[in-house]
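Let's take a walk through this structure together, starting with the overall picture and then moving to a few side chains. Have your viewer ready.

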Amino acid sequence: LRTWPTRGIPDRPDTWLVSVARRNIIGAARRRGVAARALPALERLHANADEPSDDDMPTIDSIIPDKRLQLMFACSHPAIDPSMRSALILQTVLGLDAARIASAFLVAPATMSQRLVRAKAKIKQNAIPFNIPSDSELPLRLAGVLDAIYAAYGTGWDDQFAADARQSGLTDEALRLGRLVAELLPDQPETHGLLALMLHSAARIPARRSATNGYVPLEQQDITKWSPELMTEAETHLDAAHRAGNIGRYQLHAVVQSIHNRRALTGITDWESIATIYDGLITYDPTIGTHVARAAAHCNAHGPEPALAMLDALPPERVENYQPYHAVLAHCHATAGHTVDAQTHATNAIRLSRDPNVRAWLHDTYHHEPAHPH
C-alpha cells in the first residue's frame, strides 16, 4: 500500500511480497526475537537470492513459484545418479509406487525398489542437500525434471480411464507442471518440446473411447473430437522450441504427434515422414519404446518386412514383458498375412494389458476380425 501506488506493481508481485515479508521478519527478529520459528524456513527459501534494494525490488529468479516443482528440482541434484533422478521424483514428489515407476522404466518392480533404496541410502550417506537451486543451476537439473514429468504423463495416459482418479489425474498434473517449467525456463527448447508433445497427445483424449467406452486406436479416432485449442497451443510451443535451434528428443517426439494430429486438416497420416523422424530420433532417444514405435511407423510406411526385422533385432529380455512390442508385432504379422503369429503376439499383448477395454479390442481385432489389423 505504501510502495506500489508510487512505484507501480512489480513484474512478479508474489516474489516481491515474499521478499518484503522476509525483510520484515528479519528486522523484527533482530529487534524483538519474534518469528524465530519462521525465519529459518524463509532463510533456506532465499539462501541463493539477491537481497532487494531499498530503491527497487527486483524479482528473484531463483524462486520457483510452485512447491511441487521446487521439490522436483531439489530431487534432481547433480550429485544424484542421473538414471535415478526422475524415479526419485516420481516416488517422493508425485507419490507413485515402485511398481508403477518400474513399469514406466521397463524394469521389474523388485529391481526398481532396490534401486530406489540404494539411491536414498547414497543421498543420506553423502549428505546430499535437498535445497532449492539458484537460477543458474536450473538448466543443469532440468533433464531429470522433464523426464519425471513425461513419465508421470505416460503413467496417467495409460490409466486415463482407470477407476483410481489419482492415477488418471496424472495427465492433468503433468500438463500443469509442463506449463510451469516452460514458463520458468522459456529459453530451454526441450521445455517447449515436452509441453508440445503432451499437449498434442492430450488433444486426442476425448476420442480415445467410443460411446460405449470401447477402446479406439489412433487411426480410427473421430478427428472432430480432437481439441483444436490444445493442438494450437502445442504448435505454439513447438515453434518456440524450433526457434531456439537446439534439437532434442522431446521436440522430435512432439513433431511425430504433430504429424498425427495434422490428419485433422488433411484427412491422412504421413507415415513416410513419421518413419523418417523416428530414424533420426533413435539417435537422441534410443529407448525400447522409441525402437518399437519406429517399427510401427515403418510397417505403415514401407510394409511389414522391414518392421519385423527391426523388432527381431531388439533384445528379447527387454521386450518380453513390454505390451506395445507384442501389439506392434501382432499388427506387423497381420499386415503380412501371418494370422497365427499375429494371434500369438496379440495373446501376449492381451496378457500384458491392464486396461480391459484394450484387451477386448485386441481380442476382437486379432481373434475375431483378422481383416482389420489396425
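What follows goes from the whole chain to its aromatic pairs and then to two buried polar residues, histidine 253 and aspartate 66.

One thing to keep in mind from the start is that this is a predicted model. Colour it by secondary structure and you'll find 21 helices and zero strands. The chain runs to 374 residues, and buried ones make up 47% of them. As for the surface, about 18900 Å² is exposed, with carbon and sulfur atoms supplying 54% of that area. Contacts tell you something about how the chain folds back on itself: take those between residues at least 6 apart in sequence, and 62% of them join residues at least 24 apart.

Now for the rings. How many aromatic pairs does a search of the whole structure find? It turns up four. Start with tyrosine 150 and tyrosine 250, whose ring centres are 5.4 Å apart; their planes meet at 80 degrees, so this pair is edge-to-face. It's a link between distant parts of the chain, since tyrosine 150 belongs to helix α8 (residues 138–158) and tyrosine 250 to helix α13, 100 residues apart. Are the two partners buried or exposed? Tyrosine 250 is buried because its relative accessibility is 2%, under the 20% cut-off. Tyrosine 150, at 28%, is partly exposed.

Stay in α8 for the next pair. Tyrosine 153 and tryptophan 157 have ring centres 6.1 Å apart and planes at 25 degrees, so they count as stacked. Both sit in that helix, four residues apart, which is about one turn. Tyrosine 153 is buried, with a relative accessible area of 3%. Elsewhere, ring pairs tie Tyr215, Trp361 and Tyr366 into a cluster.

Two of these rings also have an arginine over them. Arginine 208 lies over the face of tryptophan 157, 3.8 Å from the ring centre. Likewise, the charged end of arginine 249 sits over the ring of tyrosine 250, at 4.3 Å from its centre.

Helix α13 has something else to show you. Histidine 253 is found in this helix, which covers residues 249–261. Its relative accessibility is 10%, so it counts as buried. What does its side chain make a polar contact with? The partner is the side chain of aspartate 285, at 2.9 Å. Leaving aside neighbours within four places in sequence, histidine 253 is in contact with Leu197, Tyr278, Leu281 and Thr290 as well as Asp285.

For the last stop, head back towards the N terminus, to aspartate 66 in the loop between α3 (38–45) and α4. This residue counts as buried because its relative accessibility is 14%. The side chain of aspartate 66 makes a polar contact with that of arginine 176, at 2.7 Å. Beyond its neighbours within four places in sequence, aspartate 66 is in contact with Leu177 and Leu180 in addition to Arg176.

There's also a backbone side to this residue. At the start of α4, a side-chain oxygen of aspartate 66 comes within 3.2 Å of the backbone nitrogen of arginine 68. Follow the helix along residues 67–74 and you'll meet several buried residues: Leu69, Gln70, Met72, Phe73 and Ala74.

Note on methods
Residues numbered from 1 in each chain as written. Predicted model: local features only at pLDDT ≥ 70, side-chain atom pairs only at ≥ 80, totals over all residues. Heavy atoms only, no water. Buried < 20%, exposed > 50% of the residue type's maximum accessible area, 1.4 Å probe, protein only. Helix = DSSP H or I, 4+ residues; strand = E, 2+ residues; numbered from the N terminus. Polar contact = N/O pair within 3.5 Å; in protein donor to acceptor, adjacent residues only side chain to side chain. Contact = heavy atoms within 4.5 Å. Areas by Shrake-Rupley, 256 points an atom, 1.4 Å probe, with all protein chains shown as cover. Phe/Tyr/Trp six-rings, centres within 6.5 Å; stacked < 30°, edge-to-face > 60°. Lys NZ or Arg CZ within 6 Å of the ring centre and 35° of its normal.
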